[in-house]
Amino acid sequence: MKVKTYLKVSNPINRCLFINVSDISLKLFRGKKLRKSFKVVRYNSGKNRKSILEYVNRLNIKIIVIETSNLNHLPENLTNDIIEARLNGVRVYDAQEFYEKVNRRIPLVKLNSNEYLADDIFSIGLKHHSGLSSKRIIDVAIALLLLPIALPLVLLGCLLTFISSSGKVLFVQERIGVSSKKFKIYKIRTMKSKHNGGYTTSNDDRITIIGKFLRLSKIDELPQLYNILKGDMSLIGPRPERPEFVDIYKEENAYFDLRHIIKPGVTGWAQVNLPKATPEDNLKKLEYDLYYIKNYSPKLDIEIILRTIKVVLTMNSN
């Protein structure tokens, strides 16, 4: 992304002043969403001689983003300028906070093979503990309401699977749930009975014709209402992964286990944002999952449910 570092008065709409650009800001610059809505101006407090207020006034800056991941302190004159800009209506964000606002996921920055930017990542989920507790009541209520509709669809899916291919109609597999505890997930079988396992790929020849329909319509996931009633899963949360995959993902990113702070879900924030995710998208999925845990609210749950319905109606597969 070409980032402007000089004063220019044309097209001042949605200009952001980034102070002391570093890892999180650079990660944000590489994304598409920032480019769609904002023009970026960079400011290095160690090199720029012009004041922050000069940039703000000449460019009509409405947003200031401060990169603090590699910064120990702010000089007094810079602090005073930012405070004055704030009092004059300019919105001021920390780089991580602004990244979350733009992308609606948490920025995970791996500096090298064994170092990460920590920020406040370890405290996610603490603010909403009581809200997550009440989630159980809502989960059970919705699961019971859905049962009269889900049971006939499950029976139909099982019948079609039984007629069209040999093997058990229900698929039972071990997954990792809350607090990294193992549980058994239930689905309608969508693949041939004998295959080599591994990741599902696009145009996977292991998936049966009926299985493709069941996956697109999400009927294969309906037996997980039983998992919800048992207490293994929630309606909304990170999708549960197989133990062997969790071990791989933890090696790729040490924060992966943080998604097990809450119960896994039948659908989730990562699923509706990346409905066709591949194994290469695991880091993005994790950023969405951690964003959900950090920002959980009934409003966000309603948005996920509405977007899930849209995925089902448009037959958009995971």
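Biologist: What is the bridge partner of Ile-19 in β3?

Modeller: In this predicted model, the residue of β3 that serves as bridge partner to Ile-19 is Ile-66.

Biologist: What makes β1 and β3 count as paired strands?

Modeller: Two strands are said to pair when at least two bridges are found between them, and strand β1, residues 15-19, is joined to β3 over four bridges in the parallel sense, so the condition for pairing is met. Strand β4, residues 91-94, also runs parallel to β3 and is joined to it by four bridges, with Arg-91 of β4 standing opposite Ile-63.

Biologist: How do you know that both faces of strand β3 are covered?

Modeller: In a regular strand the side chains alternate between the two faces of the sheet. In β3, residues 63-66, Ile-63 and Val-65 lie on one side while Ile-64 and Ile-66 lie on the other, and all of them are buried.

Biologist: Why is Ile-207 called buried?

Modeller: The cut-off for a buried residue is under 20% relative accessible area, and because Ile-207 has a relative accessibility of 13%, it counts as buried. Ile-207 is placed in the loop between β8 (182-188) and α7 (209-217), and its C-alpha is 9.2 Å from that of Arg-189, although the two residues are 18 apart in sequence.

Biologist: How do you know that the buried residues of α9 are on the same side of the helix?

Modeller: The buried residues in question are Pro-243, Phe-245, Val-246 and Tyr-249. Because they cover an arc of only 150° around the axis, they are put on the same side of α9. The buried residues of this helix pack against β7 (170-176), β8 and α11.

Biologist: Which residues touch the most other members of the largest nonpolar core?

Modeller: Among the 33 residues of that core, they are Trp-269, Leu-290, Tyr-292 and Ile-304. Several elements each supply at least two residues, including α6 (129-164), β8 and α12 (298-313), and α11 gives the most, with six residues. Leaving aside residues up to four places away in sequence, Ile-304 touches Ile-236, Thr-267, Gly-268, Trp-269, Val-272 and Tyr-292.

Biologist: What surrounds the space in the second largest pocket?

Modeller: That pocket holds about 680 Å³ of space and is lined by 25 residues, of which Lys-218, Leu-222, Val-266, Thr-308 and Val-312 are the closest to its centre. Two or more lining residues come from each of α6, β10 (265-267), α10 and α12, and the largest share, six residues, comes from α12.

Note on methods. Residues numbered from 1 in each chain as written. Predicted model: local features only at pLDDT ≥ 70, side-chain atom pairs only at ≥ 80, totals over all residues. Heavy atoms only, no water. Buried < 20%, exposed > 50% of the residue type's maximum accessible area, 1.4 Å probe, protein only. Core = buried A, V, L, I, M, F, W, Y, C linked by side-chain atoms within 4.5 Å. Contact = heavy atoms within 4.5 Å. Arc of directions from axis to C-beta. 1 Å grid on protein atoms, 1.4 Å probe; cavity = no way out; pocket = protein on both sides within 12 Å on 5 of 7 lines; lining within 4 Å. Points joined across faces, edges and corners; volume = space filled by probe spheres on them.
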